[in-house]
Amino acid sequence: MADISQIISEIEQLPHFRTARCQKCSTEIRVHTLEIYVTCQQCGVQHKCRSLGAAGTEIQDVIDAVLSWSGRGEEFDAVMKRREQILSDG
Ligand SMILES: [Zn+2]
């Protein structure tokens with residue numbers, strides 16, 4: 001297992017979007033990094049973009065865990081408050 005500083009570094013360097021190429025028609029598709037499936041705008045074929053095994057093996061799975069942990073209502077409000085602090089600290 002990677003150490004925490006390595007995981008943080010990987011998250012900081014993770015691009016928000018990436019491009020994939022449709023396996024059927026070769027159209028270039030822009031996809032958000034957390035997206036599990038993307039549908040080709042040209043031919044309508046759906047592609048799986050993430051492995052999503054039973055055990056989290058991608059850095060995106062770490063982000064999913066954090067998003068899940070952030071909860072709803074009061075819990076989520078507290079997370080958003082912290083997020084604003086982080087973003088305003090630059
Ligand atoms: Zn296509």
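Where does S26 lie? S26 is in the loop between β1 and β2, and we'll come back to that spot once the rest of the chain is laid out. Keep in mind that what you're looking at is a predicted model.

Let's start with the overall picture. The chain has three helices and four strands, and if you walk along the sequence they come in the order α-β-β-β-β-α-α. As for overall dimensions, the C-alpha trace spans about 45 × 30 × 30 Å along its principal axes. The radius of gyration is 16 Å, while a compact globule of 90 residues would come in near 12 Å. Burial is scarce too: just 1% of the 90 residues of the chain count as buried. On the contact side, take the pairs with a separation of 6 or more; residues 24 or more positions apart make up 21% of those.

Now zoom in on the hairpin. Strand β1 covers residues 17–21 and strand β2 covers residues 28–32; the two run antiparallel, joined by five bridges. If you want a landmark for how they line up, look at T19, which sits opposite R30 in β2. Between the strands of this hairpin there are six residues, and that stretch brings us back to S26.

What is the phi of S26 near? The value is near 70 degrees, so to speak on the positive side, in a residue other than glycine. Most residues other than glycine have a negative phi, and that's what makes a torsion like this worth a click in your viewer. As for its surroundings, S26 has 10 other C-beta atoms within 10 Å, and because the cut-off for exposed is 12 or fewer, S26 counts as exposed.

The last stop is strand β4, which covers residues 46–48 and includes K48. Is K48 buried or exposed? K48 has 10 C-beta neighbours inside 10 Å, so K48 falls on the exposed side of that cut-off. Exposed or not, K48 has partners from elsewhere in the sequence: leaving out residues up to four places away, K48 touches I36 and Y37. E35 is another residue to check here: K48 and E35 are 13 residues apart along the chain, and their C-alpha atoms are separated by 8.8 Å.

Conventions
Residues are numbered from 1 along each chain as its sequence is written. This is a predicted model: local features need pLDDT of at least 70, side-chain atom pairs count only at pLDDT 80 or more; totals for chains, interfaces and linings use all residues. Two strands pair if DSSP finds at least two bridges between them. A residue is buried if 20 or more other C-beta atoms lie within 10 Å of its own, exposed if 12 or fewer, and partly exposed in between; C-beta atoms are placed from the backbone. Two residues are in contact if their C-beta atoms, placed from the backbone, lie within 7 Å. The radius of gyration is taken over C-alpha atoms; the globule rule is 2.2 Å times the number of residues to the power 0.38.
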